[in-house]
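Dear colleague,

Please find below the structure that I agreed to hand over to you. My findings follow directly after it.

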Amino acid sequence: MARYRGPVVKLMRREGLNLFLKNSHTLHKEKSSLEKRKYPPGLPPKKKGKITEYGAQLREKQKVKRAYGVLEKQFRRYFEEASHTPGIPGENLLQFLERRLDNVLYRMGYAVTRRQARNFVAHRHVMVNGIRVDIPSYRVNIGDKVEIREKFQKSTFIEENIRLAQAINRTASWVSVDYAQFSGEILSLPTRDHIDIPVKEQVIVELYSK
């Protein structure tokens with residue numbers, strides 16, 4: 001299972017915004033490199049160059065890939081499917097990414113980052129409709145019930161994450177959550193309004209359509 005294993009703060013610095021790749025509490029304790037160093041990682045350029053059209057398109061694509069933890073090959077497959085699905089390709093693309101099981105776990109509040117959610121799923125701690133699923137990219141549908149396996153319900157990770165989710169009330173509106181039962185349900189498919197990442201998806205469509 002291919003995935004990025006390097007420092008995530010460096011990725012967020014490159015994009016110039018918080019992509020929620022790291023626990024916000026940990027990021028705050030470190031006094032956030034995003035605030036201390038408001039420039040991309042690496043040696044600073046001798047002079048600030050003009051951003052080309054391709055450069056702007058690339059940054060939008062990288063922003064979305066990094067937010068959802070998807071590498072290029074898989075991202076392109078998502079785009080190809082989105083392009084052949086009725087509707088607006090850019091919005092279809094974002095919806096497919098939102099419906100990933102690791103993202104759903106994050107949206108429900110059982111994980112503080114999508115990266116952590118991916119680990120929970122890969123280690124077989126999550127069930128969908130009573131069946132154990134270990135594929136983070138598994139795509140949920142309306143009516144699907146997502147549950148934390150009983151053996152993992154007492155984990156300090158889950159207990160802390162639930163407390164944090166209840167404190168800040170950040171559960172997505174297209175899912176319902178029952179923290180007492182360590183479960184949740186997909187109420188509807190996510191729409192463009194549910195996407196909180198500041199991205200211009202049409203720019204990504206233009207990049208791949210060349």
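In this predicted model, Asn-129 is partly exposed, with a relative accessible area of 42%. Its place is the loop between β1 and β2 (131-132). Although Asn-129 is not a glycine, it has a positive phi of about 55°.

Arg-124 likewise has a positive phi, of about 65°, and is not a glycine. This residue is found in the loop between α8 (114-122) and β1 (126-128). Arg-124 is partly exposed, its relative accessible area being 36%.

I turn now to helix α5, which comprises the 12 residues 72-83. At 1.5 Å a residue the helix should span 16 Å, and its end C-alpha atoms are indeed 16 Å apart, so expectation and model agree.

Which residues of α5 are buried? They are Phe-75, Tyr-78, Phe-79 and Ala-82. Viewed down the axis of α5, these buried residues fall within an arc of 100°, and therefore they line one face of the helix. The general background is that an α-helix has 3.6 residues a turn, so residues three or four places apart point the same way.

What do the buried residues of α5 pack against? Their partners are α4 (53-68), α6 (89-98) and α10 (201-208). On the face of α5 turned away from the buried side, by contrast, the exposed residues Lys-73 and Arg-77 are carried.

When you open the model, I would suggest viewing α5 down its axis, where the buried residues can be seen within their arc of 100°.

With kind regards

Note on methods:
Residues are numbered from 1 along each chain as its sequence is written. This is a predicted model: local features need pLDDT of at least 70, side-chain atom pairs count only at pLDDT 80 or more; totals for chains, interfaces and linings use all residues. Side-chain values use heavy atoms; hydrogens and water are left out. Helices (H or I, at least four residues) and strands (E, at least two) are DSSP runs, numbered from the N terminus. The expected span of a helix is 1.5 Å times one less than its number of residues. Buried means under 20% relative accessible area, exposed over 50%, partly exposed in between (1.4 Å probe, protein chains only). The arc is that of the directions from the helix axis to the C-beta atoms. Contact means heavy atoms within 4.5 Å.
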